[in-house]
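User: Please take a close look at the aromatic side chains of this protein, and set them in the context of the fold around them.

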Amino acid sequence: MKPSRMVLFSLLALAHLGCPRQDPFVPPDLFYHFATYTVGKNPTAVVTADLNEDGMTDLITTNISSNSLSVLFGNGDGTFKEPMQIDLSKDPRALTLDDFNGDGHLDMAVACSGSDQVAILYGLPQGQFGIGQRYAVHRTPVSIASGDLNGDRKPDLAVALRNDKIAVLLGNGDGTFRNASASIAGPPLQWAVSATFFDYDRDGWLDLYVTQYVDVNVAKPPLCYAKSSAHDYCGPDAFAPLPDRLFHNNGDGTFADVSQPSGIQSAKWAGLGVVASDLNNDGWVDLYVANDGDPNFLWINQKNGTFKDEALWAGCAVNRMGMPEASMGVDAGDFDGDGDDDLVMTHLMDETNTFYTNLGNGLFTDRTIQIGLTTTTGRYTGFGGKWMDYDNDGWLDLLIVNGAVRTLPDAARQGDRYPLRQPKQLLRGHEGQRLVDVSAQAGPALTVPEVSRGAAFGDVDNDGDTDVLVLNSNGLARLFLNQVGTRHHWIGVRVVGAKGQRDMLGARVEVVREGKPSLWRRVQTDGSYASASDARVLVGLGAEAAVKAVRVHWPDGQIESWAEVAIDRYTMLRQGTGK
């Protein structure tokens, strides 16, 4: 491999303690930077945005043990100023950003699980915030998202409640909200893990699919043991699986539970990951669900409001040996460059991660051995994993974050107090034919053993390459800044609807090149494991300094084209403005 194709990532860590400092060992090259920033105790979520409107990306963390938020203003070079602390209600666990009062500044809505509240903070000039109202929600809010749910062009809030329903707060446009949760039908959610928004019926409204895991009686959990006879974590086979859920957007800020009539509850396994993509190329969005230790689902959209699981017939329910696997993280992307989305998923150690190539007609074949995943990933337990073009050469690569779920005997014998730690992996795509492990060339930060779970992907510093935020169990949140992608040309687009600023999830972006096949990417925030990524589409072009056109294949079946889209910068493509 040529040195110019090697990747070097820089790493920032968000820690519980300590001032900004350098790692104790000497960096092996000039591109490596390892800094630690003080935030509040036990940070649980990290969000990026330009809060002080200086054109540079900032960070916000929720700190549940200190009942606070930490705001770190960016310097524009991947480093950050000393955090500003904001005291808040008890146990702030998650947050979302939007302009709730229409004054042009980003506001915050924070899910405070310890006080059963949603707290509103109003954005002020220069990155300051004012205290807004508090809204009571029943039973421990753990996640929150914003968007126009009822079509009035005012941002609303959807709040996930632990072992309960989803609360909906409809925005009035002035920074206040009204509760619309009573109109959400269906029984309570239980152990929900991953979710995806998608428009399955082409009515222009985003519907919601939620995976559910297993039914656990926390008052009387089962006892499970490792091979050494020591007490250990229980696997999913110790519990009964839960059915997944599908919620139809009614277009007025309410959702109807259509899990039963849609056919989604015709089967149930322990669901962990989900992606929404048109996997049989008929123009309608389908679903692929990664089930833990059970056959995976391929829910094919029947175009009438129902779905049919065709995974076994299509060749992607089990591996090539006919065995189901752990299936934690999952993603869909055009790895081989033939215009349709291929599937990849992460598994337990000794299973290897799995790659299914799409044959273009809704059929798949397991090519894990052929692309090299068997020899590179079998010794680790993978969780978050996602396609990304880290070097912007036009071919998709794969980054996987690892961490065991059962005690590693060698680590335990060596006295490791947390004997589950494993390194992360970067696999470079070689012209859609093989994945080559380049972790050793990616910088020493990537190979630090940790118990990694979630991984979110996006261009944090807006320099035209994909960065990665990794969340670790009982450890630091790591932000990996890509140092190599800008060596090649790229094109970036944000694809939005005709009204407002909604990202058109499920739209397919086709970059038309002169004398070469088109490059295909999907507008998505789903994939990986229990994470949401940047909805903007970033396409590497290698040495090419121009493209013929950019086409958007909209979720409703329409196709539009733009002939003049700038290279090496981001452009917004709005539905109805192309040809």
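Analyst: The account below begins with the aromatic pairs and then turns to the sheets and the overall fold.

The model is predicted. A search of the whole structure finds twelve aromatic pairs. One of them joins Phe297 and Trp299, whose ring centres are 5.1 Å apart with 45° between the planes, a tilted arrangement. Both Phe297 and Trp299 are buried.

A second pair, formed by Phe335 and Phe355, is edge-to-face, with 5.4 Å from centre to centre and 70° between the planes. Phe335 belongs to the loop between strand S25 (330–333) and strand S26 (342–345), whereas Phe355 is part of strand S27 (residues 354–358), so the pair ties together parts that are 20 residues apart in sequence. Are these two rings buried or exposed? Phe335 has a relative accessible area of 1% and is therefore buried, the cut-off being under 20%. Phe355 is likewise counted as buried, at 1% relative accessibility.

Aromatic rings also meet in a group: Phe100, Tyr135 and Phe177 are linked into a cluster by ring pairs.

Two rings have an arginine over them. Arg453 lies over the face of Phe383, at 4.0 Å from the ring centre. The ring of Tyr570 has the charged end of Arg536 over it, at 4.3 Å from the ring centre.

Tyr570 leads to one of the sheets, since strand S42 covers 570–574 and is an edge strand. The sheet in question is open and has three strands in the order S39-S36-S42, with mixed pairing. Its other edge strand is S39 (537–542), and each of the two edge strands pairs on one side only. From one strand to the next, the twist averages 25°. Within this sheet, strand S36 (residues 489–496) pairs with S39 in the antiparallel sense over five bridges. At one of these positions, His489 has Gly542 in S39 as its bridge partner.

Another aromatic residue, Tyr209, stands opposite Leu246 in S19. Strand S19 (residues 245–249) runs antiparallel to strand S16 (residues 207–212), and three bridges join the two. They belong to an open sheet of four strands, ordered S15-S16-S19-S20, with antiparallel pairing. Strand S15 (192–198) and strand S20 (255–257) stand at the edges with a single partner strand each, so one side of each is left without a neighbour in the sheet. The twist in this four-stranded sheet averages 25° from one strand to the next.

The protein as a whole has four helices and 42 strands. Its radius of gyration is 23 Å, close to the 25 Å that the globule rule gives for 579 residues, so the protein is as compact as a globular protein of that length. Taken along the principal axes, the C-alpha atoms fill a box of roughly 60 × 55 × 50 Å. Of the 579 residues, 56% are buried. Among contacts between residues at least 6 apart in sequence, 51% join residues at least 24 apart.

An exposed position can be set beside the buried rings. Gly76, found in the loop between strand S5 (68–72) and strand S6 (84–87), counts as exposed at 52% relative accessibility. Gly76 and Asp58 are 18 residues apart in sequence, and their C-alpha atoms are 8.8 Å apart in space.

Note on methods:
Residues are numbered from 1 along each chain as its sequence is written. This is a predicted model: local features need pLDDT of at least 70, side-chain atom pairs count only at pLDDT 80 or more; totals for chains, interfaces and linings use all residues. Side-chain values use heavy atoms; hydrogens and water are left out. Rings of Phe, Tyr and Trp (its six-membered ring) pair if their centres lie within 6.5 Å; planes under 30 degrees apart count as stacked, over 60 as edge-to-face and the rest as tilted. Buried means under 20% relative accessible area, exposed over 50%, partly exposed in between (1.4 Å probe, protein chains only). A charge sits over a ring if NZ of Lys or CZ of Arg is within 6 Å of the ring centre and within 35 degrees of the ring normal. Two strands pair if DSSP finds at least two bridges between them. Axes are lines fitted to C-alpha atoms, for helices over the stretch in contact, and angles run from 0 to 180 degrees between N-to-C directions. The radius of gyration is taken over C-alpha atoms; the globule rule is 2.2 Å times the number of residues to the power 0.38. Contact means heavy atoms within 4.5 Å.
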